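Hi everyone, thanks for making time. I'd like to walk you through a structure you haven't met yet, so have a look at the screen and stop me whenever you like.

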Amino acid sequence: MRRTRTWCLAAGIAALVGLVAVSAFGDEIQDRMISRLPKIIELKAAGIIGETNQGFLAFVGGQQKEKALVDAENQDRLAAYQRIARAKGTTAQLVGQRRALQIADMAKPGEWLQNKSGKWYRK
């Protein structure tokens with residue numbers, strides 16, 4: 001089950017990055033995101049982080065374990081959203097919001113998500 005979930009999330013990242021030709025920004029972002037994925041899954045399962053309605057990770061409790069990892073993931077997500085937005089003629093904010101909807105659909109029961117109004121809930 002865990003292997004399937006990791007593959008699905010990796011496929012989601014690949015789909016996100018794949019919206020723009022990888023040559024537009026290289027494989028570095030995708031590689032970093034995939035390498036962080038196991039730890040992100042672990043932090044989500046522990047209830048430490050959740051997914052915002054803007055397509056970014058955020059801490060949902062007082063504990064900020066692995067803050068550098070979360071910050072790095074959010075920086076890469078922003079860079080990916082910006083590049084996709086430029087290629088599609090839209091805004092990074094809209095790309096992030098659309099990605100947040102995809103992430104929410106793939107989220108596992110018990111993971112923290114943020115609704116449109118910014119309120120946190122568990123799926």
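So, helix H4 gives the most to the lining of the largest pocket: seven residues come from there. One thing to keep in mind is that this is a predicted model. The pocket itself has a volume of about 270 Å³. It's lined by 16 residues, and the ones closest to its centre are Asn53, Ala100, Leu101, Gln114 and Lys116. Which elements give two or more residues to that lining? Those are H4 and strand S3, residues 112-114. As for the character of the lining, we get seven nonpolar residues, six polar and three charged.

Okay, staying with H4, let's look at its contact with H3. Generally, you describe two packed helices by the angle between their axes and the distance between the axes. Here, H3 covers residues 67-88 and H4 covers 92-106; their axes come within 8 Å and cross at roughly 115 degrees. The crossing of H3 past H4 is right-handed. Who makes the contact? On the H3 side you have Arg77, Tyr81, Gln82, Ile84 and Ala85, and on the H4 side Ala92, Val95, Gly96, Arg99 and Ile103. Sort those contact residues by type and you find six nonpolar, two polar and two charged.

Now hang on to Tyr81, because of the next bit: the structure holds one aromatic pair, and Tyr81 forms it with Phe56. Is the pair stacked or edge-to-face? It's edge-to-face, with 5.3 Å centre to centre and 65 degrees between the planes. Phe56 sits in the loop between S1 and S2 while Tyr81 is in helix H3, so the pair ties together parts that are 25 residues apart in sequence.

Let me zoom in on Phe56. The strands on either side of its loop are S1, 49-51, and S2, 57-59. Leaving out residues up to four places away in sequence, Phe56 touches Gly50, Glu51, Asn74, Arg77, Leu78 and Tyr81. And the C-alpha atoms of Phe56 and Gln75 are 9.1 Å apart, with 19 residues separating the two along the chain.

Note on methods. Residues are numbered from 1 along each chain as its sequence is written. This is a predicted model: local features need pLDDT of at least 70, side-chain atom pairs count only at pLDDT 80 or more; totals for chains, interfaces and linings use all residues. Side-chain values use heavy atoms; hydrogens and water are left out. Axes are lines fitted to C-alpha atoms, for helices over the stretch in contact, and angles run from 0 to 180 degrees between N-to-C directions. Helices (H or I, at least four residues) and strands (E, at least two) are DSSP runs, numbered from the N terminus. A crossing is left-handed if the near helix is turned anticlockwise from the far one by less than a right angle, and right-handed if clockwise. Contact means heavy atoms within 4.5 Å. Ala, Val, Leu, Ile, Met, Phe, Trp, Tyr, Cys and Pro count as nonpolar, Asp, Glu, Lys and Arg as charged, and the others, Gly among them, as polar. On a 1 Å grid over the protein atoms alone, a cavity is a set of points where a 1.4 Å probe fits but cannot get out, and a pocket is an open set with protein on both sides within 12 Å along at least five of seven lines; lining residues have an atom within 4 Å of a point. Grid points are joined across faces, edges and corners, and a volume is the space filled by probe spheres set on the points. Rings of Phe, Tyr and Trp (its six-membered ring) pair if their centres lie within 6.5 Å; planes under 30 degrees apart count as stacked, over 60 as edge-to-face and the rest as tilted.
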